[in-house]
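Please work through the exercises below with the sequence and the model at hand. Each task is followed by a solution in steps.

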Amino acid sequence: RSPMVTICCPMKRRARGAALRAVGSVALPTVAQNAPKIAVANPSTILMSLQETKDMQARLDQEKKTLGNIELDKRAKIKDLTSARDALKPDAPQYAEKNKELMAAQVDLEVWGKIMQADGQRSFKQQLKTLYDKVTAGIADVAAEKHIDLVLAEIKPEIPENLEQINADQLRALMTSRNILFVASQLDITNDVIAAMDAKYSKK
């Protein structure tokens with residue numbers, strides 16, 4: 001056998017092995033490097049915990065109190081008009097006029113109540129939708145900051161301690177509507193989103 005063959009073959013094998021190792025280290029990254037980074041956030045918890053939500057609720061409570069006082073005034077007026085009309089005999093000249101004033105006040109209360117209710121619901125839905133959009137944007141901001149690829153929305157309904165408040169079907173529905181049974185605390189960005197959004201809101 002030629003000495004050249006004996007010398008060259010081991011060198012070729014070593015070179016080929018080194019090349020394969022180099023290709024493997026560059027072209028074949030591990031699964032962990034390619035795996036998406038996933039987190040969890042609870043939109044409902046975020047929405048109810050935000051300072052902006054609390055401020056909105058305080059405004060709504062004040063508006064409700066103001067409207068309640070207006071309603072009391074209107075009802076007091078109706079009571080006075082009723083007393084003034086009933087103080088007259090039905091055949092008295094002023095009775096028809098007093099009765100007309102009373103009916104007008106009653107209609108005014110009914111129409112006013114329906115308008116205020118419809119307007120209140122419209123305003124509340126619009127504000128709630130605006131807040132929800134801010135929550136989704138806030139989740140996206142935190143995810144981008146933490147280089148997270150996917151955020152799962154956690155649905156975690158509260159089951160009342162007193163089960164007498166609900167029937168079996170309602171309890172079953174609450175239990176089966178929960179979509180995430182366990183998540184490690186380091187994967188939950190709910191509190192991070194709340195803190196970031198509250199900090200941004202406080203600067204306004």
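The exercises treat the overall fold, the nonpolar cores and one arginine.

This is a predicted model, in which local features need pLDDT of at least 70, side-chain atom pairs count only at pLDDT 80 or more, and totals for chains, interfaces and linings use all residues. Residues are numbered from 1 along each chain as its sequence is written, and side-chain values use heavy atoms, with hydrogens and water left out.

**Exercise 1.** Determine the order of helices and strands along the sequence.

Solution. Step 1: helices (DSSP H or I, at least four residues) and strands (E, at least two) are numbered from the N terminus. Step 2: the protein has 7 helices and 2 strands. Step 3: their order is α-α-β-α-α-α-β-α-α.

**Exercise 2.** Identify the element that gives the most to the largest nonpolar core.

Solution. Step 1: such a core joins buried Ala, Val, Leu, Ile, Met, Phe, Trp, Tyr and Cys residues through side-chain atoms within 4.5 Å; buried means under 20% relative accessible area (1.4 Å probe, protein chains only). Step 2: the largest core has 17 residues, including Ile 46, Leu 50 and Met 197. Step 3: two or more residues come from each of β1 (38-41), α3 (43-49), α4, α5 (95-145) and α7 (190-202). Step 4: α5 gives the most, with 5 residues.

**Exercise 3.** Describe the setting of Arg 85.

Solution. Step 1: Arg 85 belongs to helix α4 (residues 51-86). Step 2: Arg 85 is buried, because its relative accessible area is 17%. Step 3: beyond four places in sequence, Arg 85 touches Tyr 95, Lys 98, Asn 99 and Leu 102 (contact: heavy atoms within 4.5 Å).

Note on methods:
Buried means under 20% relative accessible area, exposed over 50%, partly exposed in between (1.4 Å probe, protein chains only).
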